[in-house]
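User: I am new to this structure and would like a close look at a single part of it, the open and enclosed spaces. Please also describe the helix contacts and backbone details that go with them.

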Amino acid sequence: MASRKEFFDELEGMSPEERERYQVEKLREALERAYQKAPYTRKVFERAGLKPSDIRTIKDLEKLPITRKGDIIEAQRADPPYGGFLMVPPEEVERVFITPGPIYGPHHTEKIDWFGKSFYAAGFRKGDVVINTATYHMSPAGILFHEGIRACGATAVPTGVGNTEAQVKTMLDLKVTGYAGMPSYLMTIIKKAEEMGYDFRRDFSLRRAWFTGEMLSPSLRKTFEEDYGISTFQCYAVTDLGGCVAYECEEKAGMHFMDEYVIEIVDPQTGRQLPPGEVGEIVATPLHNATWGLIRYGTGDLSSYVTEPCPCGRTSWRLTGIVGRATDAVKVRGMFVVAKQADQVFSEFEEISRYQMVIDRKGERDELLLRVELKDETVDKEELAKRLSERFPQVCRVRPDRIEFLPPGGIGEKEEKVIDKRRWE
Ligand SMILES: [Zn+2]
């Protein structure tokens, strides 16, 4: 148990009942605001035959369709530049971020600590000196992380992307204690410092690293923590929502949901909310954004969540980690099979060069065929099939029905890893 509950704000310690009351109240306001002020969102309601007053609970959100990145791009093309999501007069827009699409993301001057909570939970405080290696151009990352670091009282050093030698020198000269950016880039900096003849642990003051943008593998985390003495924290951020959606605390046992969003884990096909422990798409509705009227945004990322209390004292539910993209996932007998998880399984088998998962329907049952390209056809296929059919369900939670072996070159380089032959009429 944490000896003292130190939170960024009181929302983090709400009881489950308080949280539900708070979120439902803010949700109703957010939906009403978007309906009144964002023409795109009004159309979403109208097409669904609904009024904001029809959404009385978080469960009721299921009635509204999910809006995805492609929908925003299309809307902005049809109705430039903001696609009917802007809720303030254009002259009130403080800054506009540009993300691939392109998507133009306007920010107003509302005071939201988009990332402050996440940096705070990661232990950043006044006295820390933090290099921010995210880009300060176009994308919101650099500026918003910077504001998050400042919201905790720490000093931000806007080093931005690249110039690894200069990053190393800056870290030494300013006795930098914190890092913000991607895990792979921190490893690049450490390797560069070692190349330059330094002993990273002895010569540098870096003790804390805050990561987003790519997932942190358990082995890389172990290297940072054990070999280099750097405590690591992950944040799950979504650009089109403006910031951090979930963040790790000192317990590092899942990422706490931000109270500033309603976060749902849903079946990407039906939009239905899923119970704890089941893998589905992360869908989030911002509750405090007065500028950008986006509701029920489908991130395309797959995760599951847990509801057990966290020893840190924060009471929100937690994401268990990102397991893949919804477009790379396929539902087989009620379970999502994610290409990234399958990749993990197949990478353990040296005999296999490529694979394909083919899903078909036999009667009322989904059938999963694994097509496996061998590096060498003389391998003991029966023994390999046995090991593969044992290992695959341990990671992917679904048992393959058949395994088909192919000679080297049997699967083309450009072929899809997942082929869904089912037709839903
Ligand atoms: Zn916690």
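Analyst: What follows goes through the pockets, then the cavities, then backbone details and helix contacts. The model is predicted.

The largest pocket holds about 1000 Å³ of space. Its lining is made of 46 residues, and those nearest the centre are Thr-212, Gly-213, Ala-237, Val-238 and Thr-239. Two or more lining residues come from each of these elements: strand 2 (95-99), helix 5 (141-151), strand 6 (178-181), strand 8 (231-238), strand 13 (297-303) and strand 16 (324-325). Strand 13 gives the largest share of this lining, five residues. By residue class, the lining of the largest pocket divides into 21 nonpolar, 16 polar and nine charged.

The second largest pocket holds about 690 Å³. It is lined by 29 residues, with Pro-218, Thr-320, Gly-321, Ile-322 and Val-323 nearest its centre. At least two lining residues are supplied by each of helix 9, strand 18 (335-338), helix 10 (339-347) and helix 11 (381-396). The largest share, four residues, is that of helix 10. The lining of the second largest pocket divides into 13 nonpolar, ten polar and six charged residues.

Next come the enclosed spaces. Across the whole structure, a search finds four cavities of 30 Å³ or more. The largest cavity has about 150 Å³ of space. It is lined by 13 residues, of which Gly-105, His-107, Thr-239, Asp-240 and Gly-242 are the closest to its centre. Thr-239 is also among the residues nearest the centre of the largest pocket. Strand 2 and strand 3 (103-107) each give at least two residues to the lining of the largest cavity, and strand 3 gives the most, with four. The lining of this cavity divides into six nonpolar, six polar and one charged. Strand 2 also gives two or more residues to the lining of the largest pocket.

Some backbone details lie in loops beside these elements. Most peptide bonds are trans, and most residues other than glycine have a negative phi. The peptide bond from Gly-101 to Pro-102 is cis, with omega near -5°. Pro-102 sits in the loop between strand 2 and strand 3, and both of these strands help to line the largest cavity. Another cis peptide bond runs from Pro-80 to Pro-81, also with omega near -5°. Pro-81 belongs to the loop between helix 3 (69-78) and strand 2. Lys-175, a residue other than glycine, has a positive phi, near 50°. Its place is the loop between helix 6 (164-173) and strand 6; strand 6 is one of the elements in the lining of the largest pocket.

The helix contacts can start from helix 9, which is one of the elements lining the second largest pocket. The axes of helix 7 (residues 183-195) and helix 9 (residues 218-228) come within 11 Å and cross at roughly 40°. That angle is outside the ranges counted as roughly parallel, antiparallel or perpendicular, so helix 7 and helix 9 are oblique to each other. Their crossing is left-handed. On the helix 7 side the contact is made by Pro-183, Leu-186, Met-187, Ile-190, Lys-191 and Glu-194, and on the helix 9 side by Leu-220, Thr-223, Phe-224 and Tyr-228. These contact residues divide into seven nonpolar, one polar and two charged.

Helix 7 also meets helix 6. The axes of helix 6 and helix 7 come within 9 Å and cross at roughly 80°. Angles from 65 to 115 degrees count as roughly perpendicular, and helix 6 and helix 7 are therefore roughly perpendicular to each other. Helix 6 takes part through Thr-164, Glu-165, Gln-167, Val-168 and Met-171, and helix 7 through Tyr-185, Thr-188, Ile-189, Lys-192 and Ala-193. The residues of this contact divide into five nonpolar, three polar and two charged.

One more pair lies earlier in the numbering. The axes of helix 1 (residues 16-37) and helix 2 (residues 39-47) come within 6 Å and cross at roughly 105°, and the two helices are therefore roughly perpendicular. Leu-31, Ala-34, Tyr-35, Gln-36 and Lys-37 of helix 1 make the contact with Pro-39, Thr-41, Arg-42 and Phe-45 of helix 2. Five of these residues are nonpolar, two are polar and two are charged.

How values were computed: Residues numbered from 1 in each chain as written. Predicted model: local features only at pLDDT ≥ 70, side-chain atom pairs only at ≥ 80, totals over all residues. Heavy atoms only, no water. Axes fitted to C-alpha atoms, helices over the stretch in contact; angles between N-to-C directions. Parallel < 35°, antiparallel > 145°, perpendicular 65-115°, else oblique. Left-handed = near helix turned anticlockwise from the far one by under 90°. Contact = heavy atoms within 4.5 Å. Nonpolar A, V, L, I, M, F, W, Y, C, P; charged D, E, K, R; others polar. 1 Å grid on protein atoms, 1.4 Å probe; cavity = no way out; pocket = protein on both sides within 12 Å on 5 of 7 lines; lining within 4 Å. Points joined across faces, edges and corners; volume = space filled by probe spheres on them.
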